[in-house]
Amino acid sequence: MIAKLAGRLDDTGEDWAIVDVGGVGYLVHCSARTLSALGEVGEGCTVHTDLQVSENDMRLLGFAEAGERDWFRLLTGVQGVGSKVALAILSALSTGELRDACAGGDAAQVARANGVGPKLAGRIVNELKDQAGALPGGGAAGAAGIAGATPRLGLASADAVSALENLGFKPAVAAQAVARAQTELGEDAGEGELIRVALKKAAG
């Protein structure tokens, strides 16, 4: 799976960017926040990615930060939330605002995003409230302000979450299991250790 692109920003559109990596242009679909963070056309950029494959389409999603990608995976694990809606939510809310909204049960905040009605916003908040503290976000509440908050997911944790997803676990389950594993093992735990412990917790 393509997890990251580092190259030159070749072109941008309303919801996409082309990243030139060694002469190959990768089309990545992005949130408005990611597009604004990539810089000017012609400059170097790094994009964290998630590859989505369906029966008739293959799409690369791009994110300025790994934390935004983690939230994207959680959001698309909620019934009724596809990649388009998830990107709309991440365009309307920062990861901190999204985490605070889910942790505080504030569906109205999530409903600010285009295409997200009150019913869907309520489902998102209800399903993700228990995972809110496990993912990064620099919102007002902060990690210390959320009961039961777990350490910020780093690169090893993000890769471990991806590994569990590839094994068939839902994004929300994978993220929660890895967060619990990281709490047990410590922030310096390697990817292999995290996967081993997280698998036990996800299957438990």
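Strand 4 and strand 5 pair in the antiparallel sense over 6 bridges, where pairing takes at least two DSSP bridges between the strands. Strands and helices here are DSSP runs (E, at least two residues; H or I, at least four), numbered from the N terminus. This is a predicted model, so to speak: local features need pLDDT of at least 70, side-chain atom pairs count only at pLDDT 80 or more, and totals for chains, interfaces and linings use all residues. Residues are numbered from 1 along each chain, and side-chain values use heavy atoms, with hydrogens and water left out.

**Exercise 1. Follow the strands**

Find out how strand 4 is linked to strand 5, and what sort of sheet the strands build.

*Solution.*
- Start at the link: a hairpin of 4 residues takes strand 4 into strand 5. Val-53 has Met-58 in strand 5 as its bridge partner.
- Go to the other neighbour. Strand 1 (residues 4–12) runs antiparallel to strand 4 (residues 44–53), with 5 bridges joining them. Lys-4 stands opposite His-48, and Gly-7 has Cys-45 as its bridge partner.
- Now put the strands together: a closed barrel of 5 strands runs 1-2-3-5-4, with mixed pairing. On average, neighbouring strands of this sheet are turned by 55 degrees against each other, direction ignored.

**Exercise 2. Lay the helices on the sheet**

Which strands does helix 2 lie across, and which does helix 3 lie across?

*Solution.*
- Take the order of elements: β-β-β-α-β-β-α-α-α-α-α-α-α-α from the N terminus on. That gives 9 helices and 5 strands.
- Helix 2 lies across strand 4 and strand 5, at about 15 degrees to strand 4. Such angles run from 0 to 180 degrees between N-to-C directions, with axes fitted to C-alpha atoms (for helices, over the stretch in contact).
- Helix 3 lies across strand 3 (24–30), strand 4 and strand 5, and runs at about 10 degrees to strand 5.

**Exercise 3. Look inside**

Which element supplies the largest share of the largest nonpolar core?

*Solution.*
- Fix the term: a nonpolar core is a set of buried Ala, Val, Leu, Ile, Met, Phe, Trp, Tyr and Cys residues joined through side-chain atoms within 4.5 Å. Buried means under 20% relative accessible area, exposed over 50%, and partly exposed in between (1.4 Å probe, protein chains only).
- The largest core has 27 residues, and Leu-75, Ile-89, Leu-98, Val-110 and Ile-124 have the most contacts inside it.
- Helix 3 supplies the largest share of this core, 6 residues.
- Check Ile-124: leaving aside neighbours within four places in sequence, Ile-124 is in contact (heavy atoms within 4.5 Å) with Leu-75, Val-78, Val-81, Ile-89 and Val-110.
- There's also a second, separate core of 14 residues, with Ala-160 and Leu-164 among them.

**Exercise 4. Two rings and a valine**

How is the aromatic pair of Phe-63 and Phe-72 arranged, and is Val-21 buried or partly exposed?

*Solution.*
- The whole structure holds 1 aromatic pair. Phe-63 and Phe-72 are tilted, 5.1 Å centre to centre with 50 degrees between the planes. For the cut-offs, ring centres of Phe, Tyr and Trp (its six-membered ring) must lie within 6.5 Å; planes under 30 degrees apart are stacked, over 60 edge-to-face, the rest tilted.
- Phe-63 is buried at 0% relative accessibility, and Phe-72 is buried at 0% too.
- Val-21, found in strand 2 (residues 16–21), is partly exposed, at 27%.
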